[in-house]
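Work through the exercises below with the model open. Try each task before you read its solution.

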Amino acid sequence: MSDAAQKKTPLYEEHVRLGAKMIPFGDWIMPVQYSSIMEEHQAVRNNVGMFDISHMGQVVATGAAAAEWLNEMLTNNVEKLEVGTGQYTFLLNESGGIIDDLIVYRTAPEEFLLVVNASRAGEDFAWLERHRAENVSLSNRSAGFGGVAIQGPRVVELFHALLGDEIELPARNHIVDCKLNGMDISIARTGYTGEDGVEVFFFAKDAAKFWNTVLKTGEQFGIKPCGLGSRDTLRLEMCYPLNGSDLSPEHNPIEAGLGFFVDLKKPKFIGREVLVQAKENGTAHRLVPFRMKSKGPPPRPHYGVWLASEQIGEATSGTLSPSLNQGIGMAYLPTPQARAGTEIEIEIRGQKFPAVIEKKPLYKKP
Amino acid sequence: MNVPDDLFYTESHEWVRREGDNARVGITDHAQAELTDVVYVELPKVGAQAEARGQIAVVESVKAASDIYAPVKGTVLEVNKALEGNPALINTDPFGEGWIFVLKMASPDDVKQLKGAAAYRAAIA
């Protein structure tokens, strides 16, 4: 297999040097794990871990009309964002289907940064460009930037060690610019693991220096470099959706149980009519988490979900939860059956194993 | 990577220890290192008929399920029940406590068609 077409992040050489197992991820070649998914998962739950998220797309929208225009493109209310804050939101098609889920930050009164999924970055940019208002300019700055997620309960201690005790991390969903050893960095208090944490963005030229500075300073806090494997187990324990698995253009945010990030009071945004209907009339299906009831094989995407000898859906995500030591997953199920406590079965290689529909999140910190 | 000299190997990374007419089977150190974090093993049933290169067991890591193949034709004589409680034995002791099943071989000479340690070492180099 040729990897000529695979894109490498500015941290690729660091991953290889650390002995990471590299796998194709969309157009990218990314670390799936360095030592063990279990160990990396526990590092984030108990200490701190660092993930390369340089593959994520970054789109900047500027202009006097940028806020107004973005409010017609995205489901959440951009007008509520003060400078230096961000929100989780969706980019929908006309049928209310999800093109992407993303975080939009207001970085200046008339400037917004959209951090989007790697696998959708090209599509998102093309969609936004096609719908762009006249006095808004858009730039795709993905190639010039790197980013990492630093996640875990010891993240505050780590940043005090890096930046000095007088610097406070931004509050949840806030973003600040600062300098570390001469490098310009943006720190956002957000993440995809359920732990306290930050996502940090920097120029691609500084990527290796930033990565190694954090790993070195983080040693005393038990930091581990973490790959896509533990990123998936961590997010699934929290029931955070993964675009391409749990989210797709065939489903809208109401079905996905993410209506909190949709502001239907806004008069106009792409997909709004469908979501108003979905909210008023309910949806035929609902994305719900489930947990296996017995020790057995872990569920995987596309495994059948059964209720009373009828297949009612299929898993969109599934794995063994390292924190719970149980199989967990998510599935779109018919709304009448999609209730926490409902006993279901998951079909694994022709055999059915008992499971139960749960409430979000599947894992709560003890 | 550990590749014991006294075992036979398959291209699909199973090892075979010949014990008279029986073959004890597991997955190699290389295979467990590639899979990492084995979290579940679906054992074959005792008495099951195995065809050479036929799928017979499943080893699951956090990330994926991987099929395990019978290296030779035979009948399943014994399975490693310890893996039900502690699947990680495959990671910690792949050539010992982490064995998966024992086959009574249909023709014990079949092992000669498998790779020796040197050939397997070359294959994973």
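Two exercises follow, with a short note on the model before them.

This is a predicted model, where local features need pLDDT of at least 70, side-chain atom pairs count only at pLDDT 80 or more, and totals for chains, interfaces and linings use all residues. Residues are numbered from 1 along each chain as its sequence is written, chains are lettered from A and ligands numbered from 1 in the order in which they are written, and side-chain values use heavy atoms, without hydrogens and water.

**Exercise 1.** Describe the fold and overall shape of chain B.

Step 1. Find the elements. Helices (H or I, at least four residues) and strands (E, at least two) are DSSP runs, numbered from the N terminus. Chain B has four helices and nine strands. From the N terminus, their order is β-β-β-α-β-β-β-β-β-α-α-β-α.

Step 2. Check the radius of gyration, taken over C-alpha atoms; the globule rule is 2.2 Å times the number of residues to the power 0.38. For 125 residues, a compact globule would have a value near 14 Å; chain B has 13 Å, so the two agree.

Step 3. Look at burial. Buried means under 20% relative accessible area (1.4 Å probe, protein chains only). Of the 125 residues in chain B, 52% are buried.

**Exercise 2.** Place S186(A) and find its partners.

Step 1. S186(A) sits in strand 11 (residues 183–188) of chain A.

Step 2. Its relative accessible area is 16%, so S186(A) is buried.

Step 3. A polar contact is a pair of N or O atoms within 3.5 Å; within protein, one must be able to donate a hydrogen and the other to accept it, and residues adjacent in sequence count only if both atoms are side-chain atoms. The side chains of S186(A) and D177(A) make one, at 2.7 Å.

Step 4. Contact means heavy atoms within 4.5 Å. Beyond its neighbours within four places in sequence, S186(A) touches residues including I175(A), V176(A) and F201(A).

Technical notes: Buried means under 20% relative accessible area, exposed over 50%, partly exposed in between (1.4 Å probe, protein chains only).
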